[in-house]
Amino acid sequence: MNAMTAMTADLVIRNGKVVSPDAVIEASIAIKDGRILAIGADSAMPPAKEVFDAAGMHILPGAIDDHVHFRDPGYPHKEDWESGTAAAAFGGVTCVFDMPNTIPPTADGDILAAKHAIAASKAHIDFGLYGLLGDENLATVPELLDGGIIGFKLYMGNTFGKIASPDTGATLELFEVAAASGKRVSLHAENNDIMERRQKRLMAAGIHDQFAHLAARPPVVAIEAVSRAAILAEWTGARIHVLHISSADELRPLREAKARGVDITGETCPHYLMLSTDDYTRVPGVIAVNPPVRESRNQEPIWRALIDGAIDVIATDHAPHAPEEKTRNDIWTVDCGFPGVETQMPLMLTEVNAGRMSISAYVRMSAYNPARIWGLYPRKGALLPGSDADIAIVDLGREHTIRDADIQSRSKISPWDGRKVKGLPIHTIVRGRFVMKDRKLMDTKGWGQSVHKIQQMPKPQVRNAEHTMQAITAQRSAGRREQIA
Ligand code: NCD
Ligand code: ZN
Ligand code: ZN
């Protein structure tokens with residue numbers, strides 16, 4: 001075998017504009033064995049088994065959506081791993097992290113193993129699984145770590161799936177355990193006591209319109225929860241990630257905690273940037289989500305935070321439900337959330353086209369930052385030699401109208417129906433293989449892999465170790481042993 005045949009690439013993508021977090025360059029990309037072999041001038045590319053012409057297209061690292069609910073196992077009428085990852089593939093998303101509010105919740109080693117098996121058998125794209133960090137499963141946290149999770153999820157406030165919210169004492173102890181593991185904890189950061197009390201009072205008063213849902217969850221629920229979580233993270237050294245930032249007000253405790261050096265990151269979703277209470281009467285019930293879409297004055301500050309980096313990640317909180325579950329008259333019985341994994345990229349590219357931000361800034365929040373904060377960089381979230389060839393090939397000039405009936409998600413109901421976008425992923429590649437090509441799904445069911453195997457979080461940075469419950473109880477039992485001897 002001569003050197004030339006050894007260097008034959010599986011695929012060379014020619015003529016595209018390659019987007020990194022800092023620059024857009026005209027380059028070709030050679031791919032071999034699922035990884036990027038070379039990026040550079042077309043004349044420098046090795047021979048390839050397949051050449052793909054991407055003239056006029058932008059080549060982006062596939063989006064990493066760190067917040068989806070694929071409902072499998074548990075709610076096959078809402079979504080499953082096959083339909084959810086098909087939706088992701090159509091959205092230029094090459095990796096998702098799935099939340100633990102499935103049935104049963106992802107709270108122990110056996111359930112995690114079962115979910116890994118289901119996902120591996122059906123997924124078109126790569127995935128990570130969250131393990132639940134709850135008051136009832138403190139004892140099974142080691143099993144979750146052994147089984148391979150991308151991170152933890154802690155529900156500070158109630159939401160779909162009705163997973164009990166740990167009180168502050170339990171949260172501190174759970175953060176202690178999380179800190180020692182080095183894994184990041186994603187937070188549904190809304191104060192449970194305030195929301196439950198308000199909801200109960202509103203229900204008792206017979207108020208059940210959709211604005212009552214908003215009234216039960218004023219921004220203070222998020223301000224309080226983000227602030228408290230930041231203090232507990234600062235004390236324990238736990239790494240935390242604030243999900244679905246919905247209000248201008250919660251940005252203050254986020255920014256302050258970052259300034260103090262707390263390992264805290266933030267995420268928002270297109271609906272908090274592009275929708276507001278002005279849309280409530282247009283899509284009643286459908287728009288209901290936790291935390292709620294708020295008054296339009298919140299949009300600008302959230303945009304600013306996303307662009308200046310206070311918010312690190314754009315994700316979707318893809319939360320599919322059936323139409324019947326979204327259109328009930330009593331808001332308290334409506335299932336909260338809607339699909340989004342498929343529409344995030346076109347919605348955000350539309351904003352790129354409108355001049356809201358550069359396409360490099362978009363890549364930073366959709367791929368580079370999530371890869372870094374979850375320990376996957378540079379295998380994921382980058383187009384560099386050696387990186388996994390996870391790629392979204394997008395046509396920035398393509399105009400498209402989002403139609404609920406056309407989306408891949410099993411949940412054909414969203415507040416985006418009828419929305420016009422400009423900028424569309426046309427092909428999606430996962431580890432060198434097309435999973436979506438020319439807006440058609442490929443025969444790639446089961447191609448997806450769990451990314452926890454390549455995850456490398458920085459070393460844990462435990463603080464106040466001597467005050468942890470584990471340290472205290474270990475000290476006490478050592479003391480008792482001395483007394484007995
Ligand atoms: C999510 C769901 O349906 O699982 N719903 C939502 O309104 N966001 C749960 C969550 O993310 O809070
Ligand atoms: Zn949530
Ligand atoms: Zn969610």
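In the predicted model described here, a polar side-chain atom of Arg71 is placed 2.7 Å from an oxygen atom of ligand 1, a polar contact being a pair of N or O atoms within 3.5 Å. Taken alone, ligand 1 exposes 320 Å², of which the protein buries 100%; accessible areas were obtained by the Shrake-Rupley method with a 1.4 Å probe. Further oxygen contacts of ligand 1 involve an N or O atom in the side chain of His188, at 3.0 Å, and a polar backbone atom of Asn290, at 2.8 Å. Around ligand 1 there are 15 residues, of which Arg71, Asn101, Thr159, Asn290 and Asp317 come nearest; a residue is counted if one of its heavy atoms lies within 4 Å of the molecule.

This is a predicted model, in which local features need pLDDT of at least 70 and side-chain atom pairs count only at pLDDT 80 or more, whereas totals for chains, interfaces and linings use all residues. Residues are numbered from 1 along each chain as its sequence is written, chains are lettered from A and ligands numbered from 1 in the order in which they are written, and side-chain values use heavy atoms, with hydrogens and water left out.

Two zinc ions, ligand 2 and ligand 3, are 3.9 Å apart. For the zinc ion (ligand 3), the protein donors (N, O and S atoms within 2.8 Å of the metal, or 3.2 Å for Na, K and Ca) are His67 (NE2), His69 (NE2) and Asp317 (OD), at 1.9 to 2.1 Å. These donor residues follow the sequence spacing H-x1-H-x247-D. Both His67 and His69 are buried, that is, under 20% relative accessible area with a 1.4 Å probe and protein chains only.

The zinc ion (ligand 2) has as protein donors His188 (ND1) and His244 (NE2), lying 2.0 to 2.1 Å from it. His188 thus appears both among these donors and in a polar contact with ligand 1.

Terms used
Buried means under 20% relative accessible area, exposed over 50%, partly exposed in between (1.4 Å probe, protein chains only). A polar contact is a pair of N or O atoms within 3.5 Å; within protein, one must be able to donate a hydrogen and the other to accept it, and residues adjacent in sequence count only if both atoms are side-chain atoms.
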